[in-house]
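Colleague: Could you take me carefully through a single part of this protein, strand by strand, and then tell me what packs against it? I would rather have one connected account than a list.

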Amino acid sequence: MTRERRRGVLGIDEGTTGTRAAVVLDDGGAAPPAYLPISVNSPDHLRVEQDGAEIWERTVQVCREALAWAAAHQVEITGVSISTQRATVLLWDTVTGRPLSRAVVWQDRRYAARLREWEPEWDAHLAEHTGRPVGSRAPLLWAAEEIARDEVVRRAHAAGRLAFGSIDTWLVWKLTGGARHVMSATNAVAAGAYDLRTGDWHEPWVTFLGCPPDVLPRILDEDGDFGATDPAVLGVRLPILSVMGDQHAAMLALGAHRPGQAMCVHGTGTFLDAVAGERPPTQRRPVPGVLTLVGWRSRGVAVFSVEGFAATTGSALRWLCDEIGLFESPRELARLAREHPGPSRVTFLPALAGLRTPVWAPEATGLLAGLSLSTTRAELARGVLDGIAHSVCDLLEGVEEAMGQPVTELFCGGGLASSDVLMSSQAGLLGRSVRRAHDHESASLRGAAYLGGVRAGLWPSVPAAVAALPAAPAFEPSLPDPERQESRAAWRDLLARHIPVPPPAPRRPSTPPPGPGGPRPDSPEESTS
């Protein structure tokens, strides 16, 4: 009897520190992934950069390995899905296909000080229209300044051969042989100029930042028309079924589909996203660092999410291991943390690239406190993981305040979620159950594939794909409530002492200011509500 040929989606997950590809099978599981690391460089304490050519070359390598696995196991590939790190951007020449800049990573803070000057005029307007304040990064401002600063970039723009995009734009453009210059909605909203009302670029902010509209990609639904792969690239022509930002893809795979459900993913940073529904939530008051985003856009319908994130949790662990040498690896740190019963007297604030929630402080630094001659490596490791758990509490509290309703279910994933100590610490400090989703380390890759697989007919819906997986185990809170409250109060006191809350900036009830050389604010054509 001949076994029916299995089907699957080639899933690509390009993250900040590595790129992977794997076949996501029609039973919802993922085959063993092919993985290659990606270099991340920090020329100074504000800049974080990558090489777009390296990202592309290594992504092609892992895709070919995954396709070879599919051929060896007689799996029919129905199409390609892509999840990527968000808000990392680059410029390239559309004729040569080569990057004209270093890719500027989402952790980059080179514009943080300048952007703070624009907060009084722009924060309220942007929060209403784009779901986020000015913030600490401005990808479109960077593009505008590269055009003005770099003669090669400027010439390419004058010749009509310059393209701007995030990593999803870059990969789709390369995979299709230059046939598509597009960006998914979840990646566009991370670029900071996505209009929640229109689903397109928010023209007043684009104009103010000075970014030429002709270099911007077209924004598509996550399961929109991204074209097909050029056979010269991967040896086969396949439809690109879906493209998503990595955290939003993880939401789908981890099981956060309905309003009130949320996911927490521990990767390079820690992201906590809650599903808000088909209308952007109206925040009762702005919560520092908490953003309203598009969770996903499918078949013309947008589902919104609320997100808070800590930029350097996983990367802080790598820094402790690789740069400082306190541990051999994050895995060893997690193993040592199991040897300490807790609580630890060591406190670790993983703010190595600023703090967002509960205090907006892009210039903030990390902190390792509570050390004494009796401190052991096990206690130090436990304190580091507890610090990350406290950061999760800050994120959840901020997200709930912004939504105006509680999170009903919290699913966790990412590499650090493998640590039982971290999961137990999160449950204890949150005072609620935490679920570690099945196969959570491949969540971003699988989530994008589920959405694409629905389009290809592999599943009737994303929840149906997730329902076939084993149930997520739960970690229940074991910390008595008085101890939990005492620990959280001590954490807030630490933040207050280490990062004083700045006085609120005065706000002018005016229309947004024009860009350099533009019309005055009272000019009729520039008036915006």
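Which strands does helix H6 (residues 167-175) lie across, and at about what angle does it run to E5?

Modeller: Helix H6 lies across E1, E5 and E11, and its direction makes about 145 degrees with that of E5. Before going further, please keep in mind that this is a predicted model, in which local features need pLDDT of at least 70 and side-chain atom pairs count only at pLDDT 80 or more, whereas totals for chains, interfaces and linings use all residues. Residues are numbered from 1 along each chain as its sequence is written, and side-chain values use heavy atoms, with hydrogens and water left out.

The names of the elements come from DSSP runs, numbered from the N terminus, with at least four residues for a helix (H or I) and at least two for a strand (E). Angles run from 0 to 180 degrees between N-to-C directions, along lines fitted to C-alpha atoms, which for helices cover the stretch in contact. Contact itself stands for heavy atoms within 4.5 Å.

The three strands that H6 crosses belong to an open sheet of 5 strands, arranged in the order E3-E2-E1-E5-E11 with mixed pairing; two strands count as paired if DSSP finds at least two bridges between them. Strand E3 (34-37) and E11 stand at the edges, and because each has a single partner strand, one side of each is left without a neighbour in the sheet. Direction ignored, neighbouring strands here are turned by 20 degrees against each other on average.

Let us walk along the sheet from the E3 edge. Strand E2 (residues 18-25) pairs with E3 in the antiparallel sense over 4 bridges, and within that pairing Ala21 stands opposite Ala34 in E3. On its way to the next strand the order brings us from E2 to E1; these two are joined by 7 bridges, again in the antiparallel sense, and they form a hairpin with 3 residues between them.

Strand E1 (residues 6-14) is then joined to E5 by 8 bridges, and here the two strands run parallel. Two of the facing pairs are worth finding in the structure: Arg7 stands opposite Glu76 in E5, and Leu10 stands opposite Val80 in E5. Leu10 can also be followed in the other direction, since in E2 the residue that stands opposite Leu10 is Val23. E1 is mostly covered, with 7 of its 9 residues buried, where buried means under 20% relative accessible area, exposed over 50% and partly exposed in between, for a 1.4 Å probe and protein chains only.

Strand E5 (residues 75-84) has 9 of its 10 residues buried, so E5 is largely enclosed by the rest of the structure. Beyond E5, 5 bridges lead to strand E11 (residues 240-245), which runs parallel to E5, and Thr84 stands opposite Gly245 in E11.

Within E5, one residue that repays a closer look is Ser81, which lies in this strand. With 0% relative accessibility, Ser81 counts as buried. Leaving aside its neighbours within four places in sequence, Ser81 is in contact with Val9, Leu10, Gly11 and Ile12, with Ser242, and with Leu445, Ala448 and Ala449. With the last of these there is also a polar approach, in that the side chain of Ser81 reaches the backbone nitrogen of Ala449 at 3.4 Å. The limit for such a polar contact is a pair of N or O atoms within 3.5 Å; within protein, one atom must be able to donate a hydrogen and the other to accept it, and residues adjacent in sequence count only if both atoms are side-chain atoms.

Finally, the helices. H6 is one that I have already described, across E1, E5 and E11; another is helix H1 (residues 52-72), which lies across E1, E2, E3 and E5 and runs at about 25 degrees to E2. To keep the picture together, E5 is paired with E1 over 8 bridges and with E11 over 5 bridges, while H6 and H1 both lie across E5.
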